[in-house]
Amino acid sequence: AQVANPYAKGPNPTEASVTATTGPFAVTTSNISSLVSGFGGGRLYYPTATNQGTYGAIALSPGFTAGWSSIDWLGPRLASFGFVVIGIETNSRYDYPPSRGEQLLAALDWAVEDSPAASRIDPTRLAVGGHSMGGGGSLEAASDRPSLKAVLPLAPWNSDKTWNEVQVPTLIIGGESDTVAPVGSHSTPFYNSLSGEKAFLELNNASHFFPQSPNNLVAKLAISWAKRWVDNDTRYSQFLCPGPASGGLSEVQAYRQTCPF
Ligand code: 9J3
Ligand code: ZN
């Protein structure tokens, strides 16, 4: 007989549910003081319900010179599917990826130990992500903390092109027309070097700034990646394997993955 997955939560997903602007869980939001240790504060999003078991937590960093507000649509979007999300401000908006990686880990530690959502979080199921240098920082975090369950780099930028030490499941999303972190010199070599389960979505004609606007395809894959690897919820594999098709009028320039998973 099949053993129920204790981490799976919410109804069986459909194409409509994973592209909807909100998920099944009501979300509580609060500001994070800039006086916290190791990162610059930000905003916390967590499912209000206390009868769903514990939640995984995902820390997200904006890019160079940007604040959390630049990508804040992702906070409630992910949290409403059953995750605690920490949207960070960086200590300085000029911090580079190694610092952003440390700050993402500090934000997870704060969330688990000191945040209003601490009692809701399963400290063994944590993830990171971010935009540009924040995405590059999420790879740094995964390199430093192999116990992470998932990485979500969006238009990632890093001067380090080689991440073979990273075995944490990683979904990279890049833009075909990104001239700041071109996929050919960032996302593609990052993806090729990763050693664990991975997927790479290249968005047709998208610029470096695609993560700064709500996008149903980005949300669908990010939610599915977090569900699959943070919650071990294989009900979401259908959106990752074989994954979105390219060609014609598709938003997809290319999609690669290491399915089945
Ligand atoms: O976080 C980013 O948008 C990084 C792109 C960048 O401006 O890098 C130049 C050093
Ligand atoms: Zn490296």
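# Exercises on a predicted model

Thr65 has a relative accessible area of 41%, so this residue is partly exposed. The model is predicted. Work through the exercises in order.

## Exercise 1: Thr65 and its backbone

Find where Thr65 lies and state the sign of its phi.

*Solution.*
Step 1. Locate the residue. Thr65 sits in the loop between E3 and H2.
Step 2. Read the angle. Phi of Thr65 is near 70°, which is positive.
Step 3. Set this against the general pattern. Most residues other than glycine have a negative phi. Thr65 is a residue other than glycine, with a positive value.

## Exercise 2: the surroundings of ligand 1

List the residues that surround ligand 1 and sort the shell by class.

*Solution.*
Step 1. Name the shell. Gly63, Phe64, Tyr96, Ser132, Met133, Trp157, Val180 and His208 surround ligand 1.
Step 2. Sort by class. The shell holds 5 nonpolar residues, 3 polar ones and no charged ones.

## Exercise 3: polar contacts of ligand 1

Which residues place an N or O atom by an oxygen atom of ligand 1, and at what distance?

*Solution.*
Step 1. Take Ser132. An N or O atom of its side chain is 2.5 Å from an oxygen atom of ligand 1.
Step 2. Take Met133. Here a backbone N or O atom is involved, 2.9 Å from a ligand 1 oxygen.
Step 3. Take His208. A polar atom of its side chain lies 3.0 Å from an oxygen of ligand 1.
Step 4. Add the cover. Ligand 1 on its own exposes 310 Å², and the protein buries 75% of that.

## Exercise 4: Ser132 up close

Is Ser132 buried or exposed? Describe its place and its phi too.

*Solution.*
Step 1. Find the element. Ser132 lies in the loop between strand E5 (121-131) and helix H4 (133-144).
Step 2. Read phi. The angle is near 60°, a positive value in a residue other than glycine.
Step 3. Check accessibility. The cut-off for buried is under 20% relative accessible area. Ser132 is at 6%, so it counts as buried.

## Exercise 5: the zinc ion

Name the protein donors of the zinc ion (ligand 2) and judge their exposure.

*Solution.*
Step 1. Identify the donors. They are Asp160 (OD) and Thr162 (O), 2.1 to 2.5 Å from the zinc ion.
Step 2. Judge Asp160. Its relative accessible area is 32%, so Asp160 is partly exposed.
Step 3. Judge Thr162. This residue is at 43% relative accessibility, so it is partly exposed as well.

## Exercise 6: helix H6

Test whether the span of H6 agrees with its number of residues, then describe its cover and its ends.

*Solution.*
Step 1. Work out the span. H6 covers residues 216-230, which is 15 residues. At 1.5 Å a residue, the helix should span 21 Å.
Step 2. Compare. The end C-alpha atoms are 20 Å apart, so the two values agree.
Step 3. Check the cover. In H6, 14 of the 15 residues are buried.
Step 4. Look at the N-terminal end. Asn215 caps it, with a side-chain oxygen 2.9 Å from the backbone nitrogen of Leu217.
Step 5. Look past the other end. Just after H6, Asn232 takes a positive phi of about 55°.

## Exercise 7: cis peptide bonds

Find where Pro242 and Pro260 lie and describe the peptide bond that leads to each.

*Solution.*
Step 1. Start with Pro242. This proline is in the loop between H6 and strand E9 (252-257). The bond from Cys241 to Pro242 is cis, with omega near 0°.
Step 2. Go on to Pro260. It belongs to the segment after E9. Cys259 and Pro260 are joined by a cis peptide bond, with omega about 10°.
Step 3. Recall the general pattern. Most peptide bonds are trans.

## Exercise 8: buried loop residues

Are Ser250, Leu148 and Ile71 buried or exposed?

*Solution.*
Step 1. Take Ser250, in the loop between H6 and E9. Its relative accessible area is 17%, so Ser250 is buried. A polar atom of its side chain lies 2.8 Å from the backbone nitrogen of Val252.
Step 2. Take Leu148, in the loop between H4 and strand E6 (150-154). At 4%, Leu148 is buried. Its C-alpha atom is 9.8 Å from that of Ile58, 90 residues apart along the chain.
Step 3. Take Ile71, in the loop between strand E3 (55-61) and helix H2 (74-79). At 1% relative accessibility, Ile71 is buried. The C-alpha atoms of Ile71 and Thr21 are 15 Å apart, with their places 50 residues apart along the chain.

Key: Residues numbered from 1 in each chain as written. Chains lettered and ligands numbered in written order. Predicted model: local features only at pLDDT ≥ 70, side-chain atom pairs only at ≥ 80, totals over all residues. Heavy atoms only, no water. Donors = N, O, S within 2.8 Å, 3.2 Å for Na, K, Ca; no water. Buried < 20%, exposed > 50% of the residue type's maximum accessible area, 1.4 Å probe, protein only. Near = heavy atom within 4 Å. Polar contact = N/O pair within 3.5 Å; in protein donor to acceptor, adjacent residues only side chain to side chain. Areas by Shrake-Rupley, 256 points an atom, 1.4 Å probe, with all protein chains shown as cover. Nonpolar A, V, L, I, M, F, W, Y, C, P; charged D, E, K, R; others polar. Helix = DSSP H or I, 4+ residues; strand = E, 2+ residues; numbered from the N terminus. Expected span 1.5 Å × (residues − 1).
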